[in-house]
Amino acid sequence: MSKDYTTMNEFVKRLNRLIRIPSVYREDEPPFGKDVRKALHELLEIGKEDGFTVKNVDDYAGHVEFGEGEELFGILAHLDVVPAGSGWSVPPFELTEKDGKLFGRGVQDDKGPLMAAYIAMKELKEEGFVPRKKVRLIAGTDEEREWKGIDYYFTKEEMPEFGFTPDAVFPVIHAEKGLWDIHLVRDNSEDFTSEMTYIETVSGGSRLNMVPEAAEVTIIHRGEKELTFPEAEKVYRNGEKLTAVFAGSSAHGSTPDRGVNAIKKALKSLAGVSFPAPQKEMIEWMNTYLSDSTGEGLAIDSKDEVSGALTLNVGTLHGNEEKWEIGLNIRYPVTESYAELINKMKDSLPGWLTFKETDHMASIYLPEDHAGIQTLMQAYRSVSGRKETPEAIGGATYARVLKTGVAFGAVFPESPDTAHQADEMVLQEDMRKAIDIYKQAIFTWTR
């Protein structure tokens with residue numbers, strides 16, 4: 001039996017135990033729901049079975065550790081996942097092996113990469129390697145929402161001297177764009193329920209960091225002319241009430257052009273309908289100023305050589321007769337001034353829109369000659385034989401909570417990016433290589 005076969009067999013067995021737990025945030029049990037807690041407990045149980053030191057920090061996060069010494073090397077990953085959504089060809093919460101691929105919610109983001117790092121630690125330990133620094137795999141539980149799990153963890157536990165998160169792509173991600181979540185609110189004081197045609201409700205999207213795959217509009221229509229929406233997936237009529245359902249395709253909020261935004265699709269279909277002035281004005285404004293993903297319509301488009309162009313994702317839209325609220329997820333270049341960005345945004349908005357900031361994470365950047373980056377790059381190049389240089393991304397990873405850290409793998413640049421999508425998958429060969437790369441990186445930094 002080959003070493004590669006044994007490695008992947010161990011990987012798949014343990015990953016299956018995590019994938020089968022639907023660790024989506026819920027409010028059923030604190031802090032983040034019983035399934036998220038169950039996933040954390042399962043990982044720590046796996047660690048105990050394999051002879052590691054483990055610790056549960058009040059169900060907010062936990063860690064698996066080995067090694068000696070006062071310094072700490074951290075590997076930060078997360079166990080929570082986004083909702084499965086629709087459109088899967090395989091069960092989302094069962095690990096499915098097919099054609100050299102592994103399918104399931106979380107196999108790419110981030111349970112598969114977490115397990116690759118874990119197996120790297122396990123093999124080093126079984127080979128008799130004793131690190132001169134403590135190697136700690138830290139598992140967070142709220143990364144897809146508000147990061148409360150990892151933030152709480154570091155109020156109780158020490159910060160690593162250096163670390164990485166296996167939650168992006170290879171080679172090293174030495175820069176992450178600034179992350180900015182805002183809501184734009186239109187309050188309506190007019191009563192237009194006596195109008196011939198008006199929008200009763202509009203709804204689309206559930207997470208700002210996902211391209212919405214569905215949107216629904218309910219319209220009260222008393223006119224004689226029939227309303228048609230050829231772009232709608234389904235249209236239901238019940239007397240004077242009409243409901244149009246629009247379908248898109250999901251993608252990560254940092255790469256909005258890889259998906260089809262169902263909210264934008266719905267708004268374009270509504271553009272020709274004679275709604276009351278406030279609703280018609282709102283639809284026209286969104287179709288004009290939010291139509292692109294560069295932020296040009298809001299006068300905030302920018303780019304730099306380190307991290308590329310700003311991206312804007314229209315993640316949510318919820319409205320009724322009294323209020324419409326738009327949720328935007330913006331990723332801006334590392335050299336862009338956050339303060340200037342706010343001013344540009346506010347100056348571009350009409351007076352009837354209220355601006356609300358709901359979250360902000362500053363960009364991070366480490367120069368390529370940093371010792372930690374050099375160590376990780378050496379491990380990547382020696383195992384893979386590839387020559388790429390450090391890169392930048394628009395995603396937000398746990399590298400941002402580290403005093404000094406970066407994202408590092410676990411998939412390769414040419415591999416499909418299926419995070420947050422239906423039929424999320426990873427190539428088994430990517431995971432096998434990632435395990436070897438992580439082994440080399442841990443060994444070199446801690447020997």
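**Overall fold, cores and main pocket of the predicted model**

The chain holds 9 helices and 24 strands, both taken as DSSP runs numbered from the N terminus (helices: H or I, at least four residues; strands: E, at least two). The model is predicted, so local features need pLDDT of at least 70 and side-chain atom pairs count only at pLDDT 80 or more, while totals for chains, interfaces and linings use all residues. Residues are numbered from 1 along each chain as its sequence is written, and side-chain values use heavy atoms, with hydrogens and water left out.

Overall dimensions make a handy starting point. The C-alpha atoms fill a box of roughly 80 × 45 × 40 Å along the principal axes. The radius of gyration of the chain is 24 Å, which agrees with the value near 22 Å for a compact globule of 447 residues; this radius is taken over C-alpha atoms, and the globule rule is 2.2 Å times the number of residues to the power 0.38. Of the 447 residues, 57% count as buried (under 20% relative accessible area, with exposed over 50% and partly exposed in between; 1.4 Å probe, protein chains only). Among contacts (heavy atoms within 4.5 Å) with a separation of 6 or more, 75% join residues 24 or more positions apart.

Turning to the interior, the largest nonpolar core (buried Ala, Val, Leu, Ile, Met, Phe, Trp, Tyr and Cys residues joined through side-chain atoms within 4.5 Å) has 59 residues, and Phe11, Ile75, Met115, Met121, Phe408 and Tyr438 have the most contacts inside it. Helix H3 (residues 111–126) gives the largest share of this core, 9 residues. Beyond its neighbours within four places in sequence, Met115 is in contact with Phe11, Arg14, Leu15, Leu18, Leu43 and Ile46. A second, separate core of 42 residues includes Ala262, Ala266, Ile326 and Met345.

The largest pocket (an open set of points on a 1 Å grid over the protein atoms alone, where a 1.4 Å probe fits, with protein on both sides within 12 Å along at least five of seven lines) has a volume of about 1200 Å³, counted as the space filled by probe spheres set on the points. Its lining (residues with an atom within 4 Å of a point) comprises 49 residues, with Asn209, His252, Arg331, Ala396 and His420 nearest the centre. Strands supplying at least two lining residues each include E10 (178–187), E18 (323–332) and E19 (354–361). By class, the lining divides into 17 nonpolar, 18 polar and 14 charged residues (nonpolar: Ala, Val, Leu, Ile, Met, Phe, Trp, Tyr, Cys and Pro; charged: Asp, Glu, Lys and Arg; polar: the others, Gly among them).
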